[in-house]
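Me: I have a model open in front of me, and I would like to understand the labels people attach to it. Could you take me through the reasoning behind a few of them?

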Amino acid sequence: MKKNIYIILLIIPFLWQCSDYLDKKPDDMKTDEMVWRSRKETEAYLYNIYSTITPNSLHQQDPWLGCSDEIDLSWAVYPTYKINLGNWNPSTNYHNMWGHYYKGIRSSFVFENNVDRCKEISKDLKTQYKAEVKFLRGYIYWLLLRQYGPVPLVKELLPLESNWNIPRAPFDECVDYICQMMDEAEKDLPLHWHDNDIWYGKPNKIVCKAVKSIVLTMAASPQWNGNKEYAVLKNLDGTPLVNTTYDENKWKRAAEASLDVIKISENYPEAKLGLYKNAEGADFNPYKSVRDVIIKNWNCEIIFGRICDQAGWEIHASPGPYNLGGVGPTQRVVDAFYMANGRTIDDPNSGYVEEGFTTEGGPHWNPKNYNVTADRVKMIRDIRNGDAWGHWPGDWNMYANREPRFYASILYNKRIIPQLTEDATKRDGFSSTKNKNGYGRVELYYGGLSRSGTSGAYTFYPQTGYLALKNCNPMSDMSQGARIIPLRMDIYIRYATILLNYIEALNEYDPNHQHIKKYWDMIRERAGLPSIFDTYPEIKGNKEKQLEYILRERQVELCFETDRYFTSRRRWLAGTPDTGDANDAMRKWGDGGRMWGMDINAGDASTNGFDFTGFYNRVPFETRVFNKSYYLFPIPQSEIERNLELVQNPWWD
């Protein structure tokens with residue numbers, strides 16, 4: 001990839017800070033002339049609009065991971081901690097993106113209305129840039145819609161001094177406008193950017209179609225398709241904002257949008273679109289494939305994303321004592337991963353064992369039969385490059401013989417830390433005295449060295465007994481917080497999401513459709529698993545059973561990519577209650593009640609270390625609050641007071 005791509009995308013965070021740049025009045029002629037006379041300034045204005053799209057990976061203010069049932073963020077200073085305890089309201093302004101998004105929307109109109117004034121930009125490029133801002137306008141409305149529900153639709157440039165007394169548009173109207181923007185943008189954008197890679201990260205026809213897939217899938221889902229709970233959501237004049245009558249055609253529309261993307265993959269090889277694999281044939285490695293799809297820049301599966309610095313994620317997810325180590329997967333997501341034979345852990349035929357230590361390693365833990373002591377460097381090298389993976393002899397049985405996506409996503413107690421160099425001294429810096437053998441294993445038990453990382457007055461370690469490994473590059477050097485890798489991807493949309501959208505939509509109105517098996521099998525084959533219909537043939541054609549497994553596949557395939565938060569809400573499952581009994585430790589849905597992990601406080605295991613079995617008991621690490629109002633963020637109270645036509649989201653008053 002050319003270095004130019006970094007220049008284009010790195011300018012965005014800087015321009016984001018210059019918010020006044022977007023608020024210059026038309027009569028401020030000096031600034032106005034400077035912007036539209038110069039190609040450099042005009043394009044800078046455009047890239048400033050791009051900066052409205054916030055990062056998709058870990059961010060201190062981002063609630064999509066820390067408030068989902070798959071991740072706990074250890075830090076009480078984060079708003080997610082207060083949200084999970086129910087300590088928020090329309091005035092707390094947690095993740096208040098309302099004004100930021102509308103500023104970006106206004107800027108898109110300013111650009112579209114003025115770009116023709118720049119004589120240094122060709123006519124064709126102006127046409128492309130106008131298409132880009134239409135895409136950005138629609139995408140920003142999508143970001144508003146998924147967070148707040150139906151919002152005021154501003155379809156033209158309004159004066160800055162406007163009182164903005166604009167009511168919310170009905171949900172379906174918002175969806176249609178977003179799709180309209182995608183359709184209009186697509187007309188003047190290329191199919192792909194492979195012949196102009198300095199513009200990777202910009203929208204193209206595939207991106208526009210993919211956004212429609214995502215938006216229409218949400219619109220067809222139970223939260224917005226016939227949900228009578230939202231009958232109370234009306235404007236001041238009584239206009240209903242949600243259609244409470246179920247419409248099966250919404251699922252058909254969503255399926256068609258997803259199929260449009262799939263057809264490009266299948267009919268236009270020059271688009272280079274499909275599920276990423278490390279190789280074909282005998283060299284195919286499912287572990288490398290599911291790991292590297294997230295960390296290989298601009299691979300064939302990435303539809304929309306940008307180059308950014310993933311240091312924040314890796315420092316927060318990598319263990320102490322030299323990192324912040326507090327991005328903790330919950331027991332719920334750990335339990336969701338399949339066994340290597342494709343069966344769920346609660347299946348009596350899965351071979352899953354809850355307790356005890358393994359006596360043998362998995363089939364891939366030492367494929368070259370190295371001597372563990374003498375060939376330590378070679379062993380670690382194979383772990384980092386992905387040739388060796390899976391459980392080792394002596395690992396806890398709960399983590400044995402699991403599917404490749406589990407090992408690519410979860411750093412569990414005693415596992416060798418991939419993202420360290422092969423240097424024995426550096427690796428021993430992550431090990432207590434009795435565990436120093438040059439390998440560097442994560443010590444998440446009470447008294448373990450991975451729990452000694454600090455930053456100021458705060459001590460960081462996962463409350464769940466696990467750390468997220470997904471999106472941590474094994475070639476990073478996280479010894480003492482160092483990093484040796486270049487900038488990487490922040491992925492917004494990838495092809496697997498579109499396939500999952502498609503089979504979910506088909507299942508709702510045609511559960512026997514042959515494409516359900518075809519595209520579901522593709523995802524599982526890439527993950528090294530047999531067809532779900534070979535494993536559980538009895539579910540075929542059963543809408544309810546297929547949906548259960550489709551959503552589980554989504555939970556596993558897209559874990560830690562922010563999808564779980566929105567899927568639990570659009571499917572109206574986030575409010576699933578905690579029953580209060582012991583079986584709740586295996587509950588599959590619900591963002592309130594007890595959240596479970598390993599017993600990280602089960603006495604001081606410093607004597608027995610990894611042999612201490614008390615750590616491996618399921619215990620609740622937190623009791624969360626989820627009220628029905630939490631299905632949507634509250635509209636900030638300041639906006640309610642500014643716009644007299646705005647009504648608050650249900651149950652927040």
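Reply: Happy to! Please keep in mind that this is a predicted model. A good place to start is helix H14 (residues 376-385), where Arg376, Met379, Ile380, Asp382, Ile383 and Arg384 are buried.

Me: What makes those residues of H14 count as buried?

Reply: Buried means under 20% relative accessible area, and the residues that meet this in H14 include Met379 and Ile383. Their cover includes helix H11 (286-295) and helix H16 (424-428). Just after H14 comes Gly386, with a positive phi near 95°.

Me: Why is H11 called largely enclosed?

Reply: Because 10 of the 10 residues of H11 are buried, the rest of the structure largely encloses this helix. Among them are Tyr287, Lys288, Arg291 and Asp292. The elements covering the buried residues of H11 include S2, H14, helix H15 (404-409), S8 and helix H18 (514-526).

Me: What makes strand S2 (residues 302-308) largely enclosed?

Reply: The reasoning is of the same kind: seven of the seven residues of S2 are buried, so the rest of the structure largely encloses the strand.

Me: How do you know that S2 and strand S8 (residues 488-494) pair?

Reply: Pairing needs at least two bridges between the strands. S2 and S8 have six bridges, in the antiparallel sense, so they count as paired. To see this on screen, look for Ile307, which stands opposite Met489 in S8.

Me: Why is Trp193 called buried?

Reply: The relative accessibility of Trp193 is 6%, and the cut-off is under 20%, so Trp193 counts as buried. You will find Trp193 in the loop between helix H8 (171-187) and helix H9 (205-220). Leaving aside residues up to four places away in sequence, Trp193 touches Gln128, Trp199, Tyr200, Lys202, Pro203 and Asn204. Its C-alpha atom is 9.9 Å from that of Lys205, which is 12 residues away along the chain.

Me: Why is Lys272 called exposed, while Trp298 is called buried?

Reply: Exposed means over 50%, and Lys272 has 51% relative accessibility, so Lys272 is exposed. Trp298 has 16%, which is under 20%, so Trp298 is buried. Lys272 sits in the loop between helix H10 (249-267) and H11, whereas Trp298 is in the loop between H11 and S2.

Me: What makes the backbone at Lys272 and Trp298 worth pointing out?

Reply: Most residues other than glycine have a negative phi. Lys272, however, has a positive phi near 55°, and Trp298 has a positive phi near 50°.

Me: And which peptide bond is cis?

Reply: The bond joining Gly320 and Pro321 is cis, with omega at about 15°. Pro321 belongs to the loop between helix H12 (311-317) and strand S3 (327-329).

Me: Stepping back, how do you know that the size of the protein chain agrees with a compact globule?

Reply: A compact globule of 653 residues would have a radius of gyration near 26 Å; the protein chain has 25 Å, so the two agree. Its C-alpha atoms fill a box of roughly 75 × 55 × 50 Å along the principal axes. Buried residues make up 62% of the 653 residues. Of the contacts with a separation of 6 or more, 73% are between residues 24 or more positions apart. The chain holds 22 helices and 10 strands.

Key. Residues are numbered from 1 along each chain as its sequence is written. This is a predicted model: local features need pLDDT of at least 70, side-chain atom pairs count only at pLDDT 80 or more; totals for chains, interfaces and linings use all residues. Side-chain values use heavy atoms; hydrogens and water are left out. Helices (H or I, at least four residues) and strands (E, at least two) are DSSP runs, numbered from the N terminus. The radius of gyration is taken over C-alpha atoms; the globule rule is 2.2 Å times the number of residues to the power 0.38. Buried means under 20% relative accessible area, exposed over 50%, partly exposed in between (1.4 Å probe, protein chains only). Contact means heavy atoms within 4.5 Å.
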